[in-house]
Amino acid sequence: MNSEAKAEDSLPPPPGPPPHELKPTHPMSSPSSSLSSSSSSSSDLIPNLPNDVALQCIARVPRYRHPHLSLVSKSWRSVLSSAVFFSTRTLLNCTEHSLYIIVRVNCDLKWFVVNQKPRIIVPLPSNPFPAIGSAFAAIQSKIFVLGGTVNDVASPAVQIFDCRFGRWKLGPRMRVGREFAAAGVIGRKIYVLGGCLADNWAKSANWAEVFDPAAERWTAVESPAEVREKWMHASAVVEEKIYAMADRGGVVFAPGTAEWGGVSTKLDLGWRGRACVVDGVLYCYDYLGKIRGFDVKEEMWKELKGLEKGLPKFLCGATMANVGGSLVVLWESKGNGKEMGISCAEITIQKLSDGSLCGSILWSDVILSVPAGSAIVHCLAVDV
């Protein structure tokens, strides 16, 4: 793993403008279907092949090879940095599952991506305006960083990272500043709950809001006063409903019916820390050192068995994500004193005939070394 990472570090930078460049906000429209608009050269991409066919050939190449492809010619480099190229990868079902990791190192946020096949970790440009307590959401190939505290003030800022091109831009600001809010994606819209004290009309009316990327607009979502907690500790989307854990209990919101409610006592008592959903089951890591899954239909927590020998007894700073249908778990591991490790395991899950949950570890390794005292902030999966 480490040797692969070193090899990747020596590759030329990905195609496109400088990664830290902030772009002005514009609608997230569909990419052009014309190849000619994405290439700066009228010559054939591949001799004796129509450019549309050549594009399909290039789009099938694994993403970790793209820096090498960009060296072939200016026209290839131009194609690799075009929206039509990534649209073609999607149409051909050639997108790849990648895990994006955010680590706090001293006062900075460091971003990394773990490509699955082959397993390579690559550093990414950090968000230009790091904050404490931001919420995160992903729609298609974009990661949204929502609010957070900047100089002890909750911010309404939205920062967007385009995973295709490795670039940041600012998005439309939320209606109110938020810190430690809950966020979830349903129907390609981002819903954000809480993270603000409902102590005036504006914050009460906008305690929940929704972002429509097509319209690039935030809209207030009506919420009952009894659910308006300030801080949310964790959130997840299960069966088109957003579940969010607050200081006292938690809330459930179903955008389809605009219904609000509280989480069940069983879910409240068992949900500890960050969670993710795989095949409709919500997983989290509990205080007893176990990964457990909660089935909202059965209203029952179940231990994910089969991991006893493959994982450490306790996983410090554990967080997890659904990466292509697998449960991927990250945790902070011991280092040599000056450094610490970020470890990762990929787990496949099977629901047995008796309803129990059984996990199988596909791989487990230390994927990253960071200065001692660093902490995992978040992780999420994106297909690119």
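## Exercises on strands, salt bridges and a surface patch

Strand 16 (residues 250-254) and strand 17 run antiparallel and are joined by four bridges. The model is predicted. Work through each task with the structure open.

**Exercise 1. Place strand 16 and strand 17 in their sheet, and find the edge strands.**

Solution.
- Step 1. Start with a residue pair. Val 251 stands opposite Gly 262 in strand 17.
- Step 2. Widen the view. The open sheet has four strands in the order 14-15-16-17, and the pairing is antiparallel.
- Step 3. Look for strands that pair on one side only. These are strand 14 (232-238) and strand 17 (259-262), the edge strands.
- Step 4. Add the twist. From one strand to the next it averages 20°.

**Exercise 2. Describe the sheet with the order 4-5-8-9, and say why one side of strand 4 and of strand 9 has no neighbour.**

Solution.
- Step 1. Read the order and pairing. Four strands make this open sheet, and they pair antiparallel.
- Step 2. Go to the edges. Strand 4 and strand 9 each have a single partner strand, so one side of each is left without a neighbour in the sheet.
- Step 3. Take the twist. The average is 25° from one strand to the next.
- Step 4. Zoom in on one pair. Strand 8 (residues 158-162) runs antiparallel to strand 9, with five bridges between them.
- Step 5. Pick out facing residues. Asp 162 stands opposite Arg 167 in strand 9.

**Exercise 3. Trace the side-chain partners of Glu 179.**

Solution.
- Step 1. Locate the residue. Glu 179 sits in the loop between strand 9 (167-171) and strand 10 (182-186).
- Step 2. Classify Glu 179. Its relative accessible area is 15%, so it is buried; the cut-off is under 20%.
- Step 3. Find the polar contact. The Glu 179 side chain contacts the side chain of Thr 149 at 2.4 Å.
- Step 4. Find the salt bridge. Lys 230 and Glu 179 meet through their side chains at 3.8 Å, N to O.
- Step 5. Ask what this pair links. Lys 230 lies in the loop between strand 13 (217-221) and strand 14, so the pair ties together parts that are 51 residues apart in sequence.
- Step 6. Classify Lys 230. At 25% relative accessible area, Lys 230 is partly exposed.

**Exercise 4. For the salt bridges Glu 96 to Arg 89 and Asp 286 to Arg 292, decide whether each partner is buried or partly exposed.**

Solution.
- Step 1. Take Glu 96 and Arg 89. Their side chains meet at 2.9 Å, N to O.
- Step 2. Check both partners. Glu 96 has 18% relative accessibility and counts as buried. Arg 89 has 0% and is buried.
- Step 3. Take Asp 286 and Arg 292. Their side chains meet at 2.4 Å, N to O.
- Step 4. Check again. Asp 286 is buried at 9%, while Arg 292 counts as partly exposed at 22%.
- Step 5. Look for shared partners. Salt bridges join Asp 295, Glu 298, Lys 302 and Lys 351 into one network.
- Step 6. Take the total. The count is 13 salt bridges.

**Exercise 5. Which residues make the nonpolar surface patch, and where is Ile 132?**

Solution.
- Step 1. Name the members. Ile 132, Phe 180 and Trp 231 make a patch of about 280 Å².
- Step 2. Locate Ile 132. It is in the loop between strand 3 (120-124) and strand 4 (135-139).
- Step 3. Check its exposure. Ile 132 has a relative accessible area of 47%, so it is partly exposed.

Conventions:
Residues are numbered from 1 along each chain as its sequence is written. This is a predicted model: local features need pLDDT of at least 70, side-chain atom pairs count only at pLDDT 80 or more; totals for chains, interfaces and linings use all residues. Side-chain values use heavy atoms; hydrogens and water are left out. Two strands pair if DSSP finds at least two bridges between them. Helices (H or I, at least four residues) and strands (E, at least two) are DSSP runs, numbered from the N terminus. Axes are lines fitted to C-alpha atoms, for helices over the stretch in contact, and angles run from 0 to 180 degrees between N-to-C directions. Patches are made of residues with over 30% relative accessible area and no salt bridge: like charges are joined within 9 Å, nonpolar side chains (Val, Leu, Ile, Met, Phe, Trp, Tyr) within 5 Å. Accessible areas come from the Shrake-Rupley method with a 1.4 Å probe; for residues, only the protein chains shown count as cover. A salt bridge is a side-chain nitrogen of Lys or Arg within 4 Å of a carboxyl oxygen of Asp or Glu. Buried means under 20% relative accessible area, exposed over 50%, partly exposed in between (1.4 Å probe, protein chains only). A polar contact is a pair of N or O atoms within 3.5 Å; within protein, one must be able to donate a hydrogen and the other to accept it, and residues adjacent in sequence count only if both atoms are side-chain atoms.
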